[in-house]
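Student: I've got this structure open and I'd like to learn how to read it. Can you walk me through a few features?

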Amino acid sequence: MTTRIFMVLLFITYSFAQIEEHQGEMAGPFNSPQEVTEACLSCHEDAAKQIMSTTHWTWLSADSMLVPGHDQKMRVGKKNVFNNFCIALNSNWPRCTSCHVGYGWKDTLFDFKNEQNVDCIVCHDNTGKYVKAPTKAGYPAENVDLVNVAQNVGMPTRQSCGTCHFYGGGGENVKHGDLESALVNPPANFDIHMGENEMLCQDCHETESHGIKGVSLAVNTKLVDKEVECTDCHDIPVHNNADLDKHSEKIACQTCHIPTYAKEKPRKVYWDWSDAGKKMEVPKDKYGQLAFHKKKGSFVWEKDIRPEYLWYNGNTERYLLGDKINENGITRLNYPLGNKDEEKSKIYPFKVHRGKQLSDAQNKYLLIPKLFGGYWKHFDWSKAAEDGMKGTGFAYSGKYEFVETEMYWRVNHEVISGENALSCLSCHGDNGRMDWEALGYKNNPASEDDIAKMKK
């Protein structure tokens, strides 16, 4: 019996034992989800405290850090950074916090120290029926059977992780380039780890005391020991091929082993907020996706997308509230740092999400509009900006404009086997996918003789 099969059987056996135990302990009735948490904590006494020290709870980095381009150290995270999907958390809590691992974060008065506000079942549900209400600040939907869910908890599954991570940004395949519901049960040629090898999320995202290894470039600004890399499991050298192993010193594994993403369903790649509020009849696009929504504006979706490639050294440039926009071009909300001459830099694949969003026409910084309960009711951008900027410490001048922004997401999932990975000519051939000039080279770094050998 292989180690992997043994671990799967052990997991299944453990899960059944847990379910049987909980059916006796979690008899209910439960009049609120907090009562479920209280029952959980009667046995798992330290669980809530552990959760409260994680970024899943705080939505901030554990430590203060010096953000590139800024003078003061600060904690950064989903709680205080911009994106170009639904913009920012401030003033939009009940909608944004539907994916918070807690109950009731509806405004700045949320009690982060109340253990009963921790949502245990969002991660431990094994029924697949636990759903958070989209606009209820993390509370479950009214039709959720809390007793049934509480009696059928166990170790987190791909489905329970995906409950939030597949649907970030307002729907499936909106934010992440490489996370979607197809990963719940994928074929091997979609993702070899979760398909052929039946791996769980926590096989890579190792967990200790509810702290989960892994960080998102969308909110992270500095390489930390919590970042997951392929070499955490795969020993170097990997390939038994001198040329490939030499390449892996400067090229990330993902670059060759994720030739495309959005293989099952299309991904949103552009979001134009300036079209919101208009009266437009726009047909669905070629993928059957909405290309326009009155509340949100216009969208562009793509499928089987070739990533964009950049050097990355583990540090990330970050736009913060009050930073000036780029008046002569695109404002980057984040940007992976690195270059070909840095020892720690490697070429990584990225999803880049582009769009137009609200900016102060006089102060020349991005604005946080109050969308939920604000613009989505009255369709007045100026009022939404005024309400959204209250309490931020930054003024709204009364005049707004829309500016182009872009945001970078590292592509890590949907990994395929070596047999199906990129070949040498995929990058160095006549129609290679790399933009060598953008990567810092005058031209293709492979010689004509090398390319000729590749073609044989």
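Student: How do the residues of the lining of the second largest pocket divide into nonpolar, polar and charged?

Tutor: Keep in mind that this is a predicted model. The general idea first: rolling a probe the size of a water molecule over the atoms shows where empty space is left. Here, the lining of the second largest pocket splits into 22 nonpolar, 14 polar and six charged residues. The pocket's volume is about 1200 Å³. Of its 42 lining residues, those closest to the centre are Leu-244, His-247, Ser-248, Ile-251 and Cys-256.

Student: Which element gives the most to that lining?

Tutor: That's α11, with five residues. Two or more residues also come from each of α10 (242–247), α14 (424–428) and α15 (448–455).

Student: On to the interior. Which residues touch the most other members of the largest nonpolar core?

Tutor: In soluble globular proteins, nonpolar side chains tend to be buried together. In this core of 31 residues, look for Trp-273 and Trp-381. Beyond four places in sequence, the contacts of Trp-381 include Trp-273, Leu-358, Tyr-375 and Phe-402. Apart from this core lies another, of 28 residues, with Trp-59 and Val-118 among them.

Student: And strand β5: which strands do bridges join it to?

Tutor: In a regular strand the side chains alternate between the two faces of the sheet. For β5 (residues 267–272), five of the six residues are buried. Five bridges link β5 to β7, running antiparallel, with Tyr-270 partnered by Val-300. Three more join β5 to β12 (residues 346–360) in parallel, and there Asp-272 stands opposite Lys-356.

How values were computed: Residues numbered from 1 in each chain as written. Predicted model: local features only at pLDDT ≥ 70, side-chain atom pairs only at ≥ 80, totals over all residues. Heavy atoms only, no water. Core = buried A, V, L, I, M, F, W, Y, C linked by side-chain atoms within 4.5 Å. Buried < 20%, exposed > 50% of the residue type's maximum accessible area, 1.4 Å probe, protein only. Contact = heavy atoms within 4.5 Å. Helix = DSSP H or I, 4+ residues; strand = E, 2+ residues; numbered from the N terminus. Pairing = 2+ DSSP bridges. 1 Å grid on protein atoms, 1.4 Å probe; cavity = no way out; pocket = protein on both sides within 12 Å on 5 of 7 lines; lining within 4 Å. Points joined across faces, edges and corners; volume = space filled by probe spheres on them. Nonpolar A, V, L, I, M, F, W, Y, C, P; charged D, E, K, R; others polar.
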